[in-house]
Amino acid sequence: MRLRSTICALATPPGEGGIAVVRLSGPDAYAIGAKVFVPIHKGKSVLNARGYTALFGHYLLDGQEMDETVALFYRAPHSYTGEDVIELSVHGGSAMADGLQQALIAAGAVPAAPGEFTRRALENGRMSLTQAEAVMEIISAGSRQGAALAKRALDGRLAREAEGIRKTLQSLAAHLTAWIDYPEEDVPELAPAELKETLQQQKTLLDGWVDSYNAGAVLRHGVDCVLLGRPNVGKSTLLNLLAGFDRAIVTPVAGTTRDVVEQAVQLGEIRLNLFDTAGVRGEEEADAIEAEGIRRSWKKLEEAGLVLAVFDAGAPVTDADIEIARRCEGRPALAIFNKQDLAADGSQFDESLLTPYFRNVIRLCARDADSLAPLTRAVAALLGTAKLDPNAAGLINQRQLAAATAARDAVGEAIAAVDAGFGLDAAGVCIEDALRALADLTGEDATEAVIDEVFSTFCVGK
């Protein structure tokens, strides 16, 4: 059985670095560690090492002293996995780390599978499924605020709030069951108004989780953002401003950008995966190469999670501008009226032709670094990240979103049943559906297949 084995893996990224850490976990961790690690002080012993202590020494490979090593000791159940754990630190680089793993395997350890340390923590009761999922979210977070969102799930906030909702719904279900199934008993009837109020309170909590999911995902992983506009409206200049260096070639010649230029940038707390596209204009004006670039521009618009549509405020609105605006309607798109320094009084730029298609507009000069602050605020407002409560629990993946949505919808159906006068038994059925969805969310009833899917995204060593 896998849990009875003792596993080892590199816990730090492979390659050159100051140190490399190899983690050892399982029932024989101390016995295997004693075969490989030799303390520099002769009176010290791995087998007798207390938890939360460290020893300095070296490790042996085929009986030969290889490298200086620091060993950190954790005794079950007070470790990450809930098992006996030893973490061995050697000099960075693949040679010493690979040699240490080879020595541990020769001494009886087996290589860890992806996510196996965290999976053992789950199976040993050290964390819930939502906390286990938060581990990889923290590792892959694209910003400090995104990491903080995942950290709240790791702290168990989501699991605790889900448990609070579950207990409330379970109490309602028990009351309804007793009242329906045992009419001969003196069980007081639950007033519909009281039932509805309690259900609405739980739905409000679930609504908050579901509604904030997309904004949280943006903070954790960033968003694909397309820069769209006619030739020479300033898209490449804006890209260079966001990147902080000359990433794209900027010239007064129309059609300079003929293919999609990619660049990752940090805008406040949001990582933008920027795609600067070819300038969009009428097909009759474009040659074959530019026409292909325009086709790719429209394709990126369809795929993007954020559209920055750039318009030249110093020139009249064209049919191409209106076509761009029309295609942005209903999308997470921000209109940028660029070249405000050239928009003199009496300009023929009629922004009223464009604003109806966008949720928000911003006026700036892409050559001016002071434009970054209002752009940052506008993007955060558009994507909803500005409204996120930094202390609230949140969903961190699609599995959790699906379960929370199912629970929210079931509670909504219970409220609708009460409003329609279908009887308390109908509301009880809906509440049971919500309880099953909450159990799916927390992993209380998770199948082996679901757990396998969760840990399929983990890296080795975690």
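Modeller: A nonpolar core is a set of buried nonpolar residues, from Ala to Cys, joined through side-chain atoms within 4.5 Å. The model discussed here is a predicted one.

Colleague: Which residues of the largest nonpolar core touch the most other members?

Modeller: The largest nonpolar core has 33 residues. Two or more of its residues come from each of α6 (157-181), α7, α13 (398-419) and α14 (424-442). In general, nonpolar side chains tend to be buried together in soluble globular proteins. The members that touch the most others are L169, L195, L199, W209, L395 and I431.

Colleague: Leaving aside neighbours within four places in sequence, which residues is I431 in contact with?

Modeller: I431 is one of the core members that touch the most others. With sequence neighbours within four places set aside, its contacts are L169, L172, A173, L176, L195, L199 and A414.

Colleague: How many residues does the other core have?

Modeller: This other core lies apart from the one that holds I431. Among its members are L242, L267, I362 and A378. Its residues number 32.

Colleague: How many residues of helix α9 are buried?

Modeller: Buried means under 20% relative accessible area. In α9, that holds for K235, S236, T237, L238, L239, N240, L241, L242 and A243. The helix covers residues 235-243, and its buried count is nine of nine.

Colleague: What phi does G244 take?

Modeller: G244 comes just after α9. Its phi is positive, at about 85 degrees.

Colleague: Which element gives the largest share of the lining of the largest pocket?

Modeller: The largest pocket holds about 500 Å³ of space and is lined by 27 residues. Elements that give two or more residues to the lining are α5 (144-154), α7 (192-211), α8 (213-221) and α12 (372-383). S212, Y213, N214, A215 and G216 lie nearest the pocket centre. The largest share, seven residues, comes from α8.

Colleague: How many residues of that lining are nonpolar?

Modeller: The lining of the largest pocket includes seven polar and six charged residues. The nonpolar residues number 14.

Colleague: Why is the pair of Y52 and Y74 edge-to-face?

Modeller: A search of the whole structure finds five aromatic pairs. The ring centres of Y52 and Y74 are 5.8 Å apart, and pairing needs centres within 6.5 Å. Their planes stand at 85 degrees, and over 60 counts as edge-to-face. The pair is therefore edge-to-face.

Colleague: Where do Y52 and Y74 lie in the chain, and how many residues apart are they?

Modeller: Y52 is in the loop between β3 (37-39) and β4 (53-61), and Y74 is in strand β5 (residues 64-74). Y52 is exposed at 58% relative accessible area, whereas Y74 is partly exposed at 21%. The pair links distant parts of the chain, with a separation of 22 residues.

Colleague: Are F311 and F358 buried or exposed?

Modeller: The ring centres of F311 and F358 are 5.9 Å apart with planes at 75 degrees, so this pair is edge-to-face. F311 sits in strand β11 (residues 306-312), and F358 in the loop between β12 (333-338) and β13 (360-363), 47 residues apart. Ring pairs link both of them with F337 and F349 into a cluster. F311 and F358 are both buried.

Colleague: Why does P374 count as partly exposed?

Modeller: P374 is placed in helix α12. Its C-alpha is 9.0 Å from that of R363, eleven residues away in sequence. Under 20% is buried and over 50% exposed. P374 has a relative accessible area of 27%, so the residue is partly exposed.

How values were computed: Residues are numbered from 1 along each chain as its sequence is written. This is a predicted model: local features need pLDDT of at least 70, side-chain atom pairs count only at pLDDT 80 or more; totals for chains, interfaces and linings use all residues. Side-chain values use heavy atoms; hydrogens and water are left out. On a 1 Å grid over the protein atoms alone, a cavity is a set of points where a 1.4 Å probe fits but cannot get out, and a pocket is an open set with protein on both sides within 12 Å along at least five of seven lines; lining residues have an atom within 4 Å of a point. Grid points are joined across faces, edges and corners, and a volume is the space filled by probe spheres set on the points. Helices (H or I, at least four residues) and strands (E, at least two) are DSSP runs, numbered from the N terminus. Ala, Val, Leu, Ile, Met, Phe, Trp, Tyr, Cys and Pro count as nonpolar, Asp, Glu, Lys and Arg as charged, and the others, Gly among them, as polar. Buried means under 20% relative accessible area, exposed over 50%, partly exposed in between (1.4 Å probe, protein chains only). Contact means heavy atoms within 4.5 Å. Rings of Phe, Tyr and Trp (its six-membered ring) pair if their centres lie within 6.5 Å; planes under 30 degrees apart count as stacked, over 60 as edge-to-face and the rest as tilted.
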